[in-house]
Structures are given as structure tokens and as C-alpha cells.
Amino acid sequence: MNELTVLERIREEMETLPGHLGFYYKNLVTGVEFGIRENEIYGAASIIKFPLFLHILAECDKGNMSLDDRLVTEESDKVPSCGALNMFTGAVETDIRTLCRLMICISDNTATNRLIRHCGFEAIEQGFAEMGLDQTRIRRLLFDASANAKGIRNSISPGELGRLLEKLYRGEFVSREVSDYAIEVLTEQQIGHKLGGKLGEDVLIAHKTGEDTNLSNDIGIVYADKPFVVCFTGHQTDVYRWEDLMRRGAYDLYQANALPSEE
């Protein structure tokens, strides 16, 4: 099955699913680009941790902070769900590097909130604008029930984040060294049942996932023979069927981007 056939099948299947669904794809070798509502705004969930991570790396490069700076996470900072910090008793002191790895690799929500507080909303907004992000925004902390009740939510755009992933691949985000470090951390993602669910652990994927009630996202670089960026974002949908499409779509695109075997 060739690349365009796979992409059209993804489009057709997305049309059968409920909710607001977005998709972005770019072949990083041939330049083939394909999107479905890729410039619209979607619920972020933990995908917002990806551009926050890049903002921190950019700030470190400017000398405004260092990955070696140490921060204390208080008991009052801890929030539920994914992560490790809320398993510790009392205050926990770590460096920013550790907080970033916890945030990306195991989607630690407490680490994320601590980093948001350290950076500040105003600086994050400016940093996102400098990265070319307009619709991808951090407007509140995670698990902020009061802000959520007021309709204040974090948002993402698959097209924006897909283009940011391409910058990492090409070494154009800050520098080759910074881009490579970001990719290294993204490849250590421990939540692999979506893009990697059918591909398996032998295929390298630099990605970040996100999920909430009736919401599921996964964006990343899949290192096929011809590497590609792929972003699935969706909310108010049937998560089981949507994630099944993510798994099959990533697998079929990987196969379509394999070089012919030599016999």
C-alpha cells in the first residue's frame, strides 16, 4: 500500500468517527504533506508538555535558566494521576532536567505544574510565540478545577506541533545539539500504546501522548526508512476506535515508507 493510499484511508476512517478530530503528516524525506483540520484548535491534555519542554530548553540556551537549577516541589504542589513526584512523602528537591524528563517520559503532572510556575505564564506565552505557536497555548495549570470551570483550557494545533517536530528533526530548533537532546528525551516516552502500539518497541518514535475523558492525542516523529511526522489529536470521540486508528495508521505509514528489500 503506498503512502497516499494510506493517508486517504485514514481520512475516510476519521469521517466515520464522532468528535473533533485532527491529523497532520509530513514525510521528512520527500516533503509529502497531508492534513485534516490540522490548523484547528484541540484539547491539549498532556501534549502541552511538549512545547513547554522546548520552551525550557530555549530559555536554558538564552541563559535565563539551567537544566541543573534545583527546584523544590512542595506537598501542596502535588496533583493526581500520571507521574512519580506525588508518590514521595513531603517536599522533593530535583533539578530542572529531572522535572523535564518526568514530565515527558512518564507525563508527570506535578512536575509539569512546578515547571509552569517556575517559568511563569507570561514568559511561556512569549516563548510559544517565538516558536511560531499561535493556537497552542498554556492558559492554566493542570488539574486547576476553578480555571476549568470558567472554560480556561490549554490548547494545541496538530499542524503547529507537527512543524515544530520537523524543526527538531532537521536540527533547526535553537541548535542541532538542543534539537538532538529534545529528540532523545522524546524517544524515552513510556506511554507507547498509541503510535507504537502496533509498530512495537523495535521502531524508534520520538513522541508525546495526551489523554483525558473522551480525548486522546499522540504526536511524534516515526523513524521509518523515510522518517515522517505524524500527529493525531481528537476530543469528544470514541477513544477506543480513535486509538485503534492511530495504531494502524502509524503502522501502515511506516510500511509505506520502508525501502524495498534487496533479494
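## Around N27

Let's start with the company N27 keeps: setting aside residues up to four places away in sequence, N27 touches E3, V32, K226, P227, F228 and N257. This is a predicted model, so take what follows as a reading of that prediction. N27 sits in strand β1, which runs over residues 20–27.

Is N27 buried or exposed? With a relative accessibility of 0%, N27 is buried, because the cut-off for that label is under 20%. One of the residues that N27 touches, N257, also pairs with it through side chains: the two make a polar contact at 2.7 Å.

## Around E243

Next up is E243, which you'll find in helix α9, spanning residues 239–256. E243 has a relative accessible area of 11%, so it counts as buried too, given the cut-off of under 20%.

Which residues does E243 meet once its neighbours within four places in sequence are left aside? The contacts are H193, K194 and S216.

## Around P18

P18 lies in a loop, the one that links α1 (3–14) to β1. Its relative accessible area is 38%, which makes P18 partly exposed. Not counting residues up to four places away in sequence, P18 touches Q236, T237, D238 and R241.

How far is P18 from R97 in space? Going C-alpha to C-alpha, P18 and R97 are 39 Å apart, with their positions 79 residues apart in sequence.

## The chain as a whole

Zooming out, the protein chain is built with nine helices and nine strands. Its radius of gyration is 18 Å, close to the 18 Å the globule rule gives for 263 residues, so the chain is as compact as a globular protein of that length. If you boxed up the C-alpha atoms along the principal axes, you'd need roughly 60 × 40 × 35 Å.

As for contacts, take those between residues at least 6 apart in sequence: 62% of them join residues at least 24 apart. Of the chain's 263 residues, 53% count as buried.

## Surface and charge

The accessible surface of the protein chain adds up to about 11700 Å², and carbon and sulfur atoms account for 46% of that.

What about charge? The chain carries 28 positive and 42 negative charges. The mean positions of those two sets are 4 Å apart.

Note on methods:
Residues numbered from 1 in each chain as written. Predicted model: local features only at pLDDT ≥ 70, side-chain atom pairs only at ≥ 80, totals over all residues. Heavy atoms only, no water. Helix = DSSP H or I, 4+ residues; strand = E, 2+ residues; numbered from the N terminus. Rg over C-alpha atoms; globule rule 2.2 N^0.38 Å. Buried < 20%, exposed > 50% of the residue type's maximum accessible area, 1.4 Å probe, protein only. Contact = heavy atoms within 4.5 Å. Areas by Shrake-Rupley, 256 points an atom, 1.4 Å probe, with all protein chains shown as cover. Lys, Arg positive; Asp, Glu negative; His and termini not counted. Charge placed at Lys NZ, Arg CZ, Asp CG, Glu CD. Polar contact = N/O pair within 3.5 Å; in protein donor to acceptor, adjacent residues only side chain to side chain.
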